[in-house]
Amino acid sequence: MKHFAAEAHRDWHGARDRMAESLAATAIERDQAGGVPLHERRLLRESGLLALSVPAALGGAGASWSDVLGVVRHFARVDSAVAHVFGFHHLLLATAQLFGRPAQWQPWLESTVARQWFWGNALNPLDRGTVATQQPDGSWSFHGRKSFCSGAGDSDMLLASAFDPTGRMLIAVVPTTREGIQVQGDWDNIGQRQTDSGSVVFDQVRVQAHELLTDPGPLSSPFAALRPLLAQLVLAHVYLGLGEGALAEARGFTLQHARPWHASGVDQAGEDPYLLGHYGDFWLALEGARLLADRAAALFDAAWSEGLALPPQARGDVAVAVAAAKVAAGRAALDVAHRLFEVTGPRATTAALRMDRFWRNLRVHTLHDPVDYKRRELGRWALHGQRPEPSFYS
């Protein structure tokens, strides 16, 4: 059993590689088992990588968002479920910084480093199943069920949302162990099986006013509106990593196990002209998506550095770049994951290999934000020069 020192975030490249190696060793079995990957989450805590995006002044590694997203993609090549919850952990840390006051989020980030906190998601802005009721003492009560709560199981802190009687969404940061919070463990989908993206029940959960992210609040400025773009970038890098992982697995199988078709006229499958054509398509699509994703991440880093001085136009330019990267990564990765059997042959369908996991993981993920609406955003930009309007999905 491998362990990683808590100080490893100072050498995060090595910690990343060791973590990816550990994930790869058990990814196939864990995909079949589902549930919460407790051992892997513990390794992530010990690795120091949960502090990767935390500013150095608060004890973290102070890595750029491009670097954080690169780690997400690196993990997704071998285990997209852990990559997802790892990326969302950092997204939630960013959300606290974008929507809250420094006096709120600085102690949370410091504790994340010191106590190896793992953050879970119970935000889901489209789910209005949780209501917020103000109490006589000024606190609030969250009550109801929230769906698609990725990483909530085994988390230390939750980012939770509820709607008040006027329809305003309130977002709070609360300990997962708070009385009345029940993580259901009811996630059993065909893909992303270890993201624990099921439901969380809030049974009259007390939320103090200082735990609400109301100042400056959600999407309150172009800078605060970077939050949905980071969420989109996390997903784009999960998609891209899945595509790269599918390509790597197919390549290894083709070179080691595939047999040439009798009519091909070649001695090795790797010399079949049709297989070479497929691999050329795979590489080209993924390389284009990678360049778009790297460009979008670089633009996001530049926008993040602007802080509250970020102008709306610059935020809109990042949104266009992120939409392009997400569409390209999703398309390329789904194509590779679907067509990889055409270059590996019937032996690759052996159940024990679970080579369909790449497609299953991508298909579950890509349905949550329909690509047609991203194409519409890009069409408006291409035809009318209109940048996407800020929302929790654009």
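Two worked exercises on a predicted model follow.

Local features need pLDDT of at least 70, side-chain atom pairs count only at pLDDT 80 or more, and totals for chains, interfaces and linings use all residues. Residues are numbered from 1 along each chain as its sequence is written, and side-chain values use heavy atoms, with hydrogens and water left out.

**Exercise 1. Describe the largest cavity and its lining.**

Step 1. Take the volume. The largest cavity holds about 150 Å³ of space. (A cavity is a set of points on a 1 Å grid over the protein atoms alone where a 1.4 Å probe fits but cannot get out; lining residues have an atom within 4 Å of a point. The volume is the space filled by probe spheres set on the points, which are joined across faces, edges and corners.)

Step 2. Find the centre. The lining has 15 residues, and D31, D79, S80, A81 and N361 are the closest to the centre.

Step 3. Sort the lining. Six of its residues are nonpolar, four polar and five charged. (Asp, Glu, Lys and Arg count as charged; Ala, Val, Leu, Ile, Met, Phe, Trp, Tyr, Cys and Pro as nonpolar; the others, Gly among them, as polar.)

**Exercise 2. Which residue meets D31 in a salt bridge, and are the two buried or exposed?**

Step 1. Find the partner. The side chain of R360 meets D31, 2.7 Å from N to O. (A salt bridge is a side-chain nitrogen of Lys or Arg within 4 Å of a carboxyl oxygen of Asp or Glu.)

Step 2. Place the pair. D31 lies in helix α1 and R360 in helix α9, 329 residues apart. (Helices are DSSP runs of H or I, at least four residues, numbered from the N terminus.)

Step 3. Check exposure. Both D31 and R360 are buried. (Buried means under 20% relative accessible area, exposed over 50%, partly exposed in between, with a 1.4 Å probe and protein chains only.)

Technical notes. 1 Å grid on protein atoms, 1.4 Å probe; cavity = no way out; pocket = protein on both sides within 12 Å on 5 of 7 lines; lining within 4 Å. Helix = DSSP H or I, 4+ residues; strand = E, 2+ residues; numbered from the N terminus.
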